[in-house]
Amino acid sequence: MKTLLLPMLAVVMGLSACAGGGPDVMRSDRAQMTLASQGRVDVVSGDVRQVLAAQYDVEDIRISVPSKLKVSEANMFYPVADIVWRGEPMGNRHAQVMSIFKEAMDRGTHTMNTGRKVVVDVEVARFHSVTEKTRYTVGGTHSMRFILTVRDAATGAVIDGPRLVAADAKAAGGAQAVAEEQMGRTQRVVVVERLASAIRAELSARVRDPLLISQALSQPSDVTLR
């Protein structure tokens, strides 16, 4: 996956996490999405191109990791639990997951400052990464789910959701996992990147203006996510 990190527009090829249920952004909205002043985000995954634009001015993100989510430290291929996380030393896994989501949500929304002012609620429903046994053999999937609710910042009225968002990411295995660790591409880096990408997409809408699409696609990418 390849991402050019600039503030406002997102070029997406077959992004697995669909954009939120907002309306398509048409030519009449061009003034608030000028590429020169607002930028864009490039995301590549698949064959279908889209351009996404942030819909909201995100004033706050409230994250919860319910205590009812079951944690497993069993070193087996697939423990049955809500939270499985080995990307950091053993400790309070609920707190670690909270920290991951906070970093990712802040990163994904910090340039969203145009449009309706909103507060975003994110409730973690599942954070099932891979165990040591899985990571250093076959690899697998960082399975991440959260419930997203978007509220009007002034009234608290629900604009979007609550709805379940899936944000899975590939987890390297074997020699590849070891190589990534040595290069600094830790499991935490992978999951934060994926969650940041997911929240950007969920809070954006598709742009259909051919000029904006052409301008966005013409800009080179400068950050690569794999």
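# A tour from the β8–β9 hairpin to helix α5

Start by selecting the hairpin of β8 and β9: 5 residues lie between the strands, and one of them to click on is Gly-156, which takes a positive phi near 80 degrees. Keep in mind as you go that this is a predicted model.

**Stop 1: the strands around β8**

Stay with this hairpin and colour its two strands. β8 and strand β9 (residues 158-166) are paired antiparallel through 6 bridges. To see one pairing up close, pick Val-150, whose bridge partner in β9 is Asp-160.

Next, add strand β7 (residues 116-128) to the selection. β7 and strand β8 (residues 140-152) run antiparallel, with 10 bridges joining them. Val-118 makes a good landmark here: its bridge partner in β8 is Asp-152.

Now bring in strand β10 (residues 169-171). It too runs antiparallel to β8, and 3 bridges join the two. Show Thr-141 and Lys-170 together, since Lys-170 in β10 is the bridge partner of Thr-141. If you display side chains along these strands, a general rule helps: in a regular strand they alternate between the two faces of the sheet.

**Stop 2: the aromatic cluster**

Hide the strands for a moment and show Trp-85, Phe-101, Phe-127 and Phe-146, which ring pairs link into a cluster. How many aromatic pairs does the structure hold? The count is 3. Begin with Trp-85 and Phe-127: their ring centres are 5.4 Å apart and their planes stand at 75 degrees, so this pair is edge-to-face. The two rings come from distant parts of the chain, 42 residues apart, with Trp-85 in the loop between β6 (83-84) and α2 (93-109) and Phe-127 in strand β7. Both Trp-85 and Phe-127 are buried.

Then swing over to Phe-101 and Phe-127. This aromatic pair is also edge-to-face, at 6.2 Å centre to centre and 65 degrees between the planes. It links helix α2, home of Phe-101, to strand β7, home of Phe-127, across 26 residues. Is Phe-101 buried or exposed? Its relative accessibility is 0%, so Phe-101 counts as buried. Phe-127, at 1% relative accessibility, counts as buried as well.

**Stop 3: helix α2**

Phe-101 leads you into α2, so select that whole helix. α2 has 17 residues and reaches 24 Å from its first C-alpha to its last, close to the 24 Å expected at 1.5 Å a residue. Its buried residues include Val-97, Ile-100, Phe-101, Ala-104 and Met-105. What do the buried residues of α2 pack against? Show β5 (56-64), β6, β7, β8 and α5 to see these partners.

At the N-terminal end of α2, zoom in on Asn-92, which caps the helix: one of its side-chain oxygens lies 3.1 Å from the backbone nitrogen of His-94.

A little further along α2 is Gln-96. With a relative accessible area of 13%, Gln-96 is buried. Two polar partners are worth drawing as dashed lines. The side chain of Gln-96 makes a polar contact with the side chain of Arg-93 at 2.8 Å, and a polar atom of the Gln-96 side chain lies 2.9 Å from the backbone oxygen of Pro-89. Beyond its neighbours within four places in sequence, Gln-96 is in contact with Trp-85, Glu-88, Pro-89, Met-90 and Gly-91, and Trp-85 is a member of the aromatic cluster you have just visited.

**Stop 4: helix α4**

Move on to helix α4 (residues 174-182) and highlight its buried residues, Gly-174, Ala-177 and Glu-180. They cover an arc of only 120 degrees around the axis, which puts them on the same side of α4. Part of what covers these buried residues is α3 (132-135). Rotate to the face turned away from the buried side, and you will find the exposed residues Ala-175 and Gln-182. Just after α4, click on Gly-184, which takes a positive phi of about 90 degrees.

**Stop 5: helix α5 and a long-range neighbour**

Finish with helix α5 (residues 187-202), whose 16 residues reach 23 Å from first C-alpha to last, close to the 22 Å expected at 1.5 Å a residue. Of these 16 residues, 15 are buried, so α5 is largely enclosed by the rest of the structure.

For a last look, select Leu-52 in strand β4 (residues 49-54). Leu-52 counts as buried, at 3% relative accessibility. Which residue should you show with it? Choose Ala-205: the two are 153 residues apart in sequence, and their C-alpha atoms are 5.2 Å apart in space.

Note on methods:
Residues numbered from 1 in each chain as written. Predicted model: local features only at pLDDT ≥ 70, side-chain atom pairs only at ≥ 80, totals over all residues. Heavy atoms only, no water. Helix = DSSP H or I, 4+ residues; strand = E, 2+ residues; numbered from the N terminus. Expected span 1.5 Å × (residues − 1). Buried < 20%, exposed > 50% of the residue type's maximum accessible area, 1.4 Å probe, protein only. Pairing = 2+ DSSP bridges. Arc of directions from axis to C-beta. Contact = heavy atoms within 4.5 Å. Phe/Tyr/Trp six-rings, centres within 6.5 Å; stacked < 30°, edge-to-face > 60°. Polar contact = N/O pair within 3.5 Å; in protein donor to acceptor, adjacent residues only side chain to side chain.
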